[in-house]
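This report goes through one protein chain, from its overall layout down to a few charged side chains. The sequence and the model come first.

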Amino acid sequence: MKESYELYAEARFSAAHTLIDYPGDCARLHGHNWSVRAYVQAHGLDSLGMAIDFRSLKTHLKEVVSELDHAYLNELKPFRGVNPTSENIARYIFEEMKKRLSGKGVRVSRVEVAETPETGVIYREEE
């Protein structure tokens with residue numbers, strides 16, 4: 001049986017956005033305090049017994065999230081021409097984490113983004 005480990009790191013950011021053509025309140029400028037969890041999967045451990053150092057995982061996630069923190073998301077390059085919904089934010093963070101962790105012995109398995117404590121989204125790529 002092949003062993004598998006799934007690890008995660010969590011970060012938070014605050015930002016504003018508008019949802020263009022949305023038929024409700026979210027069409028107006030408003031903000032959220034988003035929480036993000038990035039999960040990685042590994043099929044083995046290094047000589048220290050780790051899949052990836054949590055410090056490294058947290059650092060990469062914080063760097064990605066810092067690009068969004070206290071920004072008007074609609075003005076950022078990744079969201080020009082696409083609404084900065086939680087779904088699109090999750091996909092963006094997934095793609096950025098995938099680039100940063102390439103060659104580090106883990107693969108990004110999913111990213112969770114919650115714009116409130118009660119609502120959120122999970123983005124993953126199917127194999």
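## Salt bridges, sheet and core

Glu67 is partly exposed, its relative accessible area being 36%. The model in which this value was computed is a predicted one. Glu67 has a salt-bridge partner in Arg100, with an N to O distance of 3.2 Å between the side chains. Glu67 sits in the loop between α1 and α2, whereas Arg100 belongs to helix α2, so the bridge ties together parts 33 residues apart in sequence. Arg100 is also partly exposed, at a relative accessible area of 24%.

**Overall layout**

The chain is built from two helices and four strands. Read from the N terminus, the order of elements is β-β-α-α-β-β. Along the principal axes, the C-alpha atoms fill a box of roughly 50 × 25 × 25 Å. Of the 127 residues in the chain, 39% are buried. Among contacts with a separation of 6 or more, 66% are between residues 24 or more positions apart.

**The sheet and the helices on it**

The four strands form an open sheet in the order β1-β2-β3-β4, and their pairing is antiparallel. The edges are taken by β1 and β4 (119-123); each has a single partner strand, so one side of each lacks a neighbour in the sheet. From one strand to the next, the twist averages 20°.

Strands β2 and β3 run antiparallel and are joined by seven bridges. One bridge partner can be named here: Gln41 is matched with Arg107 in β3.

Helix α1 lies across β1 and β2, and its direction is at about 20° to β1. Helix α2 also packs on the sheet, where it touches β1, β2, β3 and β4; the angle between its direction and that of β3 is about 145°.

**The nonpolar core**

Which residues have the most contacts inside the largest nonpolar core? They are Leu61, Ile89, Ile93, Met97, Val111 and Val113, in a core of 32 residues. At least two core residues come from each of β1 (5-17), β2 (30-42), α1 (54-66), α2 (86-101) and β3. The element that gives the most is α2, with seven residues.

Val111 can serve as an example from this list. Setting aside neighbours within four places in sequence, its contacts are Val36, Arg37, Ala38, Ala90, Ile93, Phe94, Val121, Ile122 and Tyr123.

**Arg110 and its partners**

Arg110 is part of strand β3, which covers residues 107-116. Is Arg110 buried or exposed? Its relative accessibility is 18%, so Arg110 counts as buried, the cut-off for buried being under 20%.

Apart from neighbours within four places in sequence, Arg110 is in contact with Glu6, Arg37, Ala38, Tyr39, Phe94, Ile122, Tyr123 and Arg124.

The structure holds nine salt bridges. Arg110 forms one of them with Glu6, with the closest N and O atoms 3.3 Å apart. Because Arg110 lies in strand β3 and Glu6 in strand β1, this pair ties together parts that are 104 residues apart in sequence. Glu6 itself is partly exposed, with a relative accessible area of 43%.

Arg110 also forms a salt bridge with Glu112, and here too the closest N and O atoms are 3.3 Å apart. Glu112 counts as partly exposed, at 22% relative accessibility. Glu6, Arg110 and Glu112 are thus linked in a network of salt bridges. The side chains of Arg110 and Glu6 are also joined by a polar contact of 3.3 Å, as are those of Arg110 and Glu112, again at 3.3 Å.

The salt bridges described above are listed here.

| Residue | Partner | Closest N to O distance |
|---|---|---|
| Arg110 | Glu6 | 3.3 Å |
| Arg110 | Glu112 | 3.3 Å |
| Glu67 | Arg100 | 3.2 Å |

**Summary of the charged pairs**

Buried Arg110, at 18%, bridges to Glu6 and to Glu112. The Glu67 and Arg100 bridge involves two partly exposed residues, with Glu67 at 36% and Arg100 at 24%.

Technical notes
Residues numbered from 1 in each chain as written. Predicted model: local features only at pLDDT ≥ 70, side-chain atom pairs only at ≥ 80, totals over all residues. Heavy atoms only, no water. Buried < 20%, exposed > 50% of the residue type's maximum accessible area, 1.4 Å probe, protein only. Polar contact = N/O pair within 3.5 Å; in protein donor to acceptor, adjacent residues only side chain to side chain. Contact = heavy atoms within 4.5 Å. Core = buried A, V, L, I, M, F, W, Y, C linked by side-chain atoms within 4.5 Å. Salt bridge = Lys/Arg side-chain N within 4 Å of Asp/Glu carboxyl O. Pairing = 2+ DSSP bridges. Axes fitted to C-alpha atoms, helices over the stretch in contact; angles between N-to-C directions.
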